[in-house]
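User: Hello! I am new to this structure and would like to learn how to read its features. Could you guide me through them?

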2 protein chains.
Amino acid sequence: MLDYQAPLRDMQFILEELADLAAIGELPGCEDASADLVSAVLEEAGKFATGVLAPLNQAGDQQGCRLEGERVIAPDGWQAAYDQFRDAGWIGLSLPPEHGGQGLPKLVSTPVWEMWFAANMAFAMLPQLNVGQTEALMIAASEAQKATWLGKIVSGEWAATMNLTEPQAGSDLAATRMRAEPEGEDAYRLFGQKIFISYGEHELTPNIVHLVLARLPDAPPGVKGLSLFLVPKYLLDDQGEPGEKNDIRCIAIEHKMGIHGSPTCTLSYGDEGGALGYLVGEPHQGLATMFVMMNEARFNVGTQGLALGERAYQAALAYAKERVQGRDIISGEAGKPIIHHPDVKRMLVSMRARLMAMRGLLYTAAGWFDLARHATDTDVADKYRRYVDLLMPVAKGWCTEVGNDLCDEAIQVFGGMGFVEETGIAQLFRDARVITIYEGTTGIQANDLLGRKILRENGATLRELVADIRETATQLGAHERLGDLAVALHDQATLLDETADWLLAHKADTAELYAGAVPLLHLLGIACGAWQMARMALAAEARQEKGDDGVEYLQNLIELARFYMATQAPQARAHGHTLRHAGTVLSRFDTGAL
Amino acid sequence: MLDYQAPLRDMQFILEELADLAAIGELPGCEDASADLVSAVLEEAGKFATGVLAPLNQAGDQQGCRLEGERVIAPDGWQAAYDQFRDAGWIGLSLPPEHGGQGLPKLVSTPVWEMWFAANMAFAMLPQLNVGQTEALMIAASEAQKATWLGKIVSGEWAATMNLTEPQAGSDLAATRMRAEPEGEDAYRLFGQKIFISYGEHELTPNIVHLVLARLPDAPPGVKGLSLFLVPKYLLDDQGEPGEKNDIRCIAIEHKMGIHGSPTCTLSYGDEGGALGYLVGEPHQGLATMFVMMNEARFNVGTQGLALGERAYQAALAYAKERVQGRDIISGEAGKPIIHHPDVKRMLVSMRARLMAMRGLLYTAAGWFDLARHATDTDVADKYRRYVDLLMPVAKGWCTEVGNDLCDEAIQVFGGMGFVEETGIAQLFRDARVITIYEGTTGIQANDLLGRKILRENGATLRELVADIRETATQLGAHERLGDLAVALHDQATLLDETADWLLAHKADTAELYAGAVPLLHLLGIACGAWQMARMALAAEARQEKGDDGVEYLQNLIELARFYMATQAPQARAHGHTLRHAGTVLSRFDTGAL
């Protein structure tokens, strides 16, 4: 079984130095987020992740969920862990105080969710659904609906789901067929089938609240005809408690490559007269609500990439320090652990470099969410809202791709022991494979980045971001010892500017441009990672100048930034070349010849 | 279930145009390999792969092997398929005629093994062991041993294994502990445990012949004290038929992430007095025999990368042509299959480009094996033996890494359906994960490439190879329509020369150099792939000039080469940058800070 320890020192460093926790804690509504409180929260969460969730991860994978009739049985231990998790109040950490949450900023909940995903992703997907559903209901639900449902969702007394996908409507929600027919004044009867519903059925909570995309009888075709419905597993009685069973049944669960502990359900609505549901928000506005939630959802999945990568790194590092094999390449000495082999060391340092880049980007972006929501200066709020919009497809697409790469590399460190299931590293690799797919594939993230986020506004926000990156490069240049990093970061900024120029100059060549969307996403991900690594090096240098006693830790952060520039930055240049040259070849290519 | 059709047209094109089948067929001992015979062999093999092996692949994965006491039970259908495979004589295809094989050149058996691995890798590992063992016995066994054992191994009447790994001796064979004690004149008693033994036990054949690395009582320490023993599961009686059971037992099989149909056994030797075995070759020379086999073994695993990639590509292509989702990005038209989305098309073309590059490299290298073995001009034979030596770590390391990437990309094309096991694509991804590990990890291939194959001879063979690549680039330059490819290939040659210069200039900086070994391997793999794509474009152009009627096919091969240059070639440059810059950072890095 793999251990997991929350990397508190790295988390704290990035929270304080890159994401400016102190400034976030001064925003109106965020005042509870004092340094002391945040430390205490992280420490408690770390203990819970290590002590309760991590030990269940492998058993949950091996046992999986099972369908008995229409019942879905979670793995052993899931119920007790959920009860503890709920009772400790973790679900409401960043949720609205008026519904029982603690209202901490996203910056604080982000490292905490990183821990849950790292410790046991299949489990953590369950309470994450409560967070997502709360956000949706806060956006679109009526006050009466909020009063009825939100308290139980925020506390975790009831579970939540999102029902979007249908067999013919995966990435393409326009193809949604589920229909909703009016039933009396406030209610609707829903009919149809939804697939790939995470935790669509289980018995861990006395009720499950489904949010379901469906079409009203008068709905226009396509995505403009989608409405959002709240459909509980059990209808509420007069006391607001779960009563009669609704007309929903789980007819299958998927046999997946990973996340075996998380039941992926096919739900059939309305086989016996229609499932009773309630319209959330205006008719035909379901997708708008989904869109508002989308940045949050993407951010969370990006965090899963970081989290699984961190767990894989910890496992690989522990194995590499322990496994004795071969001779020292210089001294010829035998009996040394494999971490002394240059290639194994390379893999581990490379993993850690990318972890810190991802963590830097995600935590910084978490702070942007908070600034966008709470900053009193509307220019500031607006700037960071635009940054969030621009970079969420990157945070999702890039961090999930890198997360997969890290799990892959961890197996490589384990060698043959990585391919056998008992060591547990194979599970991370299998679990991670879903994250570049769900909440929109990497290709869909990339198309969104290119089309909606860059071309539509002629690259305005991207240029603003590049100016910020150049500012960091200039700051680096002021430190004699960091001159090489300044050069490397300026080069990334130049690459971004050249890329923006090229994109705008070729705006009309749609097919060619979109053939380069994924290379563009990687390019931007790597460059934003380089920016964070550079900021990290700056902060580490400043702390050293102030006489911080963690010299070795700080100096290694600077070297880590250098390693990132030597290994990742050139990949960004390669993606830039591909972006500019592959599209024309591709558009000449006849798919019939494949 | 996934279909598989051998890509006969591509195979034939590369055999004829890149690997010069006609010339190989004129070598002494290779005269049977006429164009007609080769076509017939490939066609028959294709039918067998599609009709017999491919349909068992998914069921074999789902059912797996099981251990009952000391018995290992193969998946349903394995026995019948093996009987057919053996009876059809496929095992002896390229094996010595004097022992019942057909003696066809490696160039001919290579596409055939590609088919077996693509159709059902877990199954094909079994007969592949007979091929490897035949090669070992041909090198080192006495004439009497050959007469006793080889006929049954070549025909497949008996199965074969290789026993190298022990718990403390994975990549490091010097740590081997298994001991062999003399017993009478010719025999030895073996004691110890071997792990990770593919097909170490099963009942598909009436006997299993193990080749086992062990130490004699007077063995010097380390790899110079390893001897090779032949240890049968059943000792032979006076008629040479399996008689008394030997003192070997299977005490466990691994629960692996993939290749579930292939039992990976822990074998215990000598629990009841010692397993009777026979020394093969001279005492303490076991590793030398292994080394001679190593290029073949690496080549085979490289072919697995190509094969799994091809199967994954075919599946992804079929799915992309069938799955309707989203709107055409230009026309806005609905109801189109996803292959029309630029990013999906990009993934498929990228997969096909890398498949053709790998196939070009592997078939060309197969021809080099034949030239090295059969060419009457000793300079020619010597040149291609050196090419094989130089490039086998690349063929193994690069093709297995790319094979994994292709299986990963195929899942991405499938989206959510790629993550559920029923579609079968997840199995390919899981199966492929072992190939960058067994027969030496990518890191070990890379160290071999850098140390033994480049530095030790001051890059002499590498320079010779670069001259051949430049010659191809010059030929491209003579065709007006291929000028862009000439430029791109010259650039790769220049990169290789610059890399060689740099490596030799830094020969003394061992730790820094070896930190760049894997980037070097990728660089060389991509550049050799570029060379093959360029040769393919040249041949396609020549065929068009000669009026070949497959214009569309040929023109698309040229575009495929261009796509490769636009997407892969810049990655080689990025690896070159990493090679030159990452090592110094890494050698400053204190592993204690990880």
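Analyst: Gladly, and we can begin where the chains meet. About 7,300 Å² is buried between chain A and chain B, with carbon and sulfur atoms giving 65% of that area. Buried area here is the accessible area (1.4 Å probe) that two parts lose on being put together, summed over both. Met257(A), Phe419(A) and Leu594(A) supply 11% of what chain A buries against chain B, more than any other three residues. Do keep in mind that this is a predicted model: local features need pLDDT of at least 70, side-chain atom pairs count only at pLDDT 80 or more, and totals for chains, interfaces and linings use all residues. Residues are numbered from 1 along each chain as its sequence is written, chains are lettered from A and ligands numbered from 1 in the order in which they are written, and side-chain values use heavy atoms, with hydrogens and water left out.

User: How many residues of chain A are in contact with chain B?

Analyst: Contact means heavy atoms within 4.5 Å. By that rule, 82 residues of chain A touch 82 residues of chain B.

User: How are the two copies related?

Analyst: Copies are superposed by least squares on the C-alpha atoms of residues with pLDDT of at least 70 in both. Here a turn of 180° and a shift of 0.0 Å along the axis lay chain A on chain B with an RMSD of 0.0 Å. The two copies are therefore related as by a two-fold rotation axis. Both copies use the same surface, as 100% of the contact residues of chain A recur in chain B.

User: What should I know about salt bridges, and how many cross the interface of chain A and chain B?

Analyst: Side chains of opposite charge can pair when their charged atoms come close. The rule asks for a side-chain nitrogen of Lys or Arg within 4 Å of a carboxyl oxygen of Asp or Glu. Four salt bridges are found across the interface of chain A and chain B. One of them joins Arg588(A) to Glu559(B), with the closest N and O atoms 2.9 Å apart. On the chain A side, helix H18 (residues 569-588) gives the most to the surface touching chain B, with twelve residues. Helices (H or I, at least four residues) and strands (E, at least two) are DSSP runs, numbered from the N terminus.

User: Which salt bridge links helix H13 and helix H14 of chain A?

Analyst: That is the pair Arg463(A) and Asp497(A), whose side chains meet at 3.0 Å, N to O. Arg463(A) is in helix H13 (residues 460-477) and Asp497(A) in helix H14 (residues 483-505), 34 residues apart. Buried means under 20% relative accessible area, exposed over 50%, and partly exposed in between (1.4 Å probe, protein chains only). Arg463(A) is partly exposed at 29%, and Asp497(A) is also partly exposed, at 21%.

User: Are Lys233(B) and Glu201(B) buried or exposed?

Analyst: Lys233(B) is buried, with a relative accessible area of 6%, and Glu201(B) is buried at 10%. Their side chains form a salt bridge (2.9 Å, N to O). Lys233(B) lies in the loop between strand E7 (227-232) and strand E8 (234-236) of chain B, and Glu201(B) in the loop between strand E5 (187-198) and strand E6 (208-214), so the pair ties together parts that are 32 residues apart in sequence.

User: How many salt bridges are there over all chains?

Analyst: The count comes to 95 over all chains.
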